[in-house]
Amino acid sequence: MRAARQAGRMNEHTTHTTTEITTADAGFTGRVVLVTGGTSGIGFATARLLLARGARVVITGRTEERLRRAADRLADVSDGGARLLTVRADAADLSDTERLMDRIRESYGRLDGLFANAGVGVFERLESTTEADFDRLVDVNVKGVFFTVQRALPLLEAAGPGASVVINASWTLHRAMEVAPMYAATKAAVHNLARSLSAGLADRGIRVNSVSPGYIHTEMYDEIITEEAAREATRVAPPLQRVGSSEDVGEAVSFLLSERASYITGQDLAVDGGLVMKVPG
Ligand SMILES: NC(=O)c1ccc[n+]([C@@H]2O[C@H](COP(=O)([O-])OP(=O)(O)OC[C@H]3O[C@@H](n4cnc5c(N)ncnc54)[C@H](OP(=O)(O)O)[C@@H]3O)[C@@H](O)[C@H]2O)c1
């Protein structure tokens, strides 16, 4: 967590334990929710919260091994795995996405919630971004999200009015980001997608929102926060003065997926300790 160390003023992130997870959202009992990219970080924490609140959860990832490890770590909140379905699916691969939806249709016949979370962080400046970097970012972060929602639509409609989609964007969509312009652009793209979809799907009773996590301590954060980005983190440090936890974001996603958010659609919810609203300086 180089950024946090350099920032100095940020405190260590906090992490929920199983016993701390509130079961207030008991409305999830019996609901079926897909979390793409659920093997680690924000997706994993969200899956854990939803399982603890009674949902049946489907998680995806690119390898069986990481899915198996995640399933082991979720056994205590999923009735020993009975309420958890793991499906190996690369979000950038349309045939994988179709196979994923087939599995969900066979197992549950519907989707009450979708958290389109799978994403990659390729942090390169304009000059150093290769065509391969560009394609990877767009394939996973934009194409993956678009076709996940498109292919999930019949299952969301099958759930009846009240289905909810949350797309994982990023605080970077709200700010100029010279160290990672294409990453930031993919997140702006999916936020705008959430808005357009929310308008288009409202008459079917499907809500669509995005979340914009700030600096969140996850595997991606540890991998991509460069010295340069860490300096930037220090400069625009969040007023709440800590790096966020995956559970901080999971709580917001859980709320947006729940019926408690039934009058909220087309919005972006920043979960960033106040990062984007603060004037840098
Ligand atoms: N951490 C932050 O500070 C932060 C801030 C803003 C936004 N975000 C966004 O949050 C989301 C989750 O990131 P994270 O920070 O939680 O990182 P993470 O711990 O690295 O998790 C990424 C997840 O996405 C999955 N994934 C990656 N590529 C995939 C693909 N092609 N198909 C299916 N699954 C894929 C990974 O699974 P496998 O590796 O097992 O395939 C993993 O479960 C991303 O969209 C990211 O852009 C993160």
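**The ligand shell and the spaces in the model**

Author: In this predicted model, helix H7 gives the most to the shell around the ligand, with 3 residues.

Reader: Which helices each supply at least two residues of that shell, and how many residues surround the ligand in total?

Author: Helix H2 (41-52), helix H6 (181-201) and helix H7 (219-224) each supply at least two residues of the shell, while 30 residues surround the ligand, the closest being Thr39, Arg62, Arg66, Tyr183 and Thr218.

Reader: What makes the approach of isoleucine 42 to the ligand a polar contact?

Author: A backbone N or O atom of isoleucine 42 lies 2.8 Å from an oxygen atom of the ligand; a polar contact is a pair of N or O atoms within 3.5 Å, so this pair counts as one. The backbone of glycine 37 also has an N or O atom placed 3.1 Å from a ligand oxygen, and that pair therefore meets the 3.5 Å cut-off as well. For asparagine 168 the N or O atom belongs to the side chain and is 2.9 Å from an oxygen atom of the ligand, so this pair too is a polar contact. Taken alone the ligand exposes 890 Å², of which the protein buries 94%.

Reader: Why are 13 residues of the shell around the ligand counted as nonpolar, and how many are polar or charged?

Author: The count is by residue class, and the 13 are nonpolar because each belongs to the set that includes Ala, Val and Leu; beside them the shell has 12 polar and 5 charged residues.

Reader: Where does the ligand sit with respect to the pockets, and what is known of that space?

Author: The space taken by the ligand is the largest pocket, in which about 980 Å³ of space lies. Of the 43 residues that line this pocket, the closest to its centre are Asn117, Gly119, Val120, Gly121 and Met220. H7 gives the most to the lining of the largest pocket, with 5 residues, and the lining divides into 19 nonpolar, 17 polar and 7 charged residues.

Reader: Why is the space lined by Thr36 and Gly37, among others, called a cavity and not a pocket?

Author: Thr36, Gly37, Thr60 and Asp90 are among the residues that line the largest cavity, and the space is called a cavity because a 1.4 Å probe fits there but cannot get out, whereas a pocket is an open set. This largest cavity has a volume of about 60 Å³, and the structure holds 3 cavities of 30 Å³ or more.

Terms used
Residues numbered from 1 in each chain as written. Predicted model: local features only at pLDDT ≥ 70, side-chain atom pairs only at ≥ 80, totals over all residues. Heavy atoms only, no water. Near = heavy atom within 4 Å. Polar contact = N/O pair within 3.5 Å; in protein donor to acceptor, adjacent residues only side chain to side chain. Areas by Shrake-Rupley, 256 points an atom, 1.4 Å probe, with all protein chains shown as cover. 1 Å grid on protein atoms, 1.4 Å probe; cavity = no way out; pocket = protein on both sides within 12 Å on 5 of 7 lines; lining within 4 Å. Sits in = over half its atoms within 2 Å of the grid points. Helix = DSSP H or I, 4+ residues; strand = E, 2+ residues; numbered from the N terminus. Points joined across faces, edges and corners; volume = space filled by probe spheres on them.
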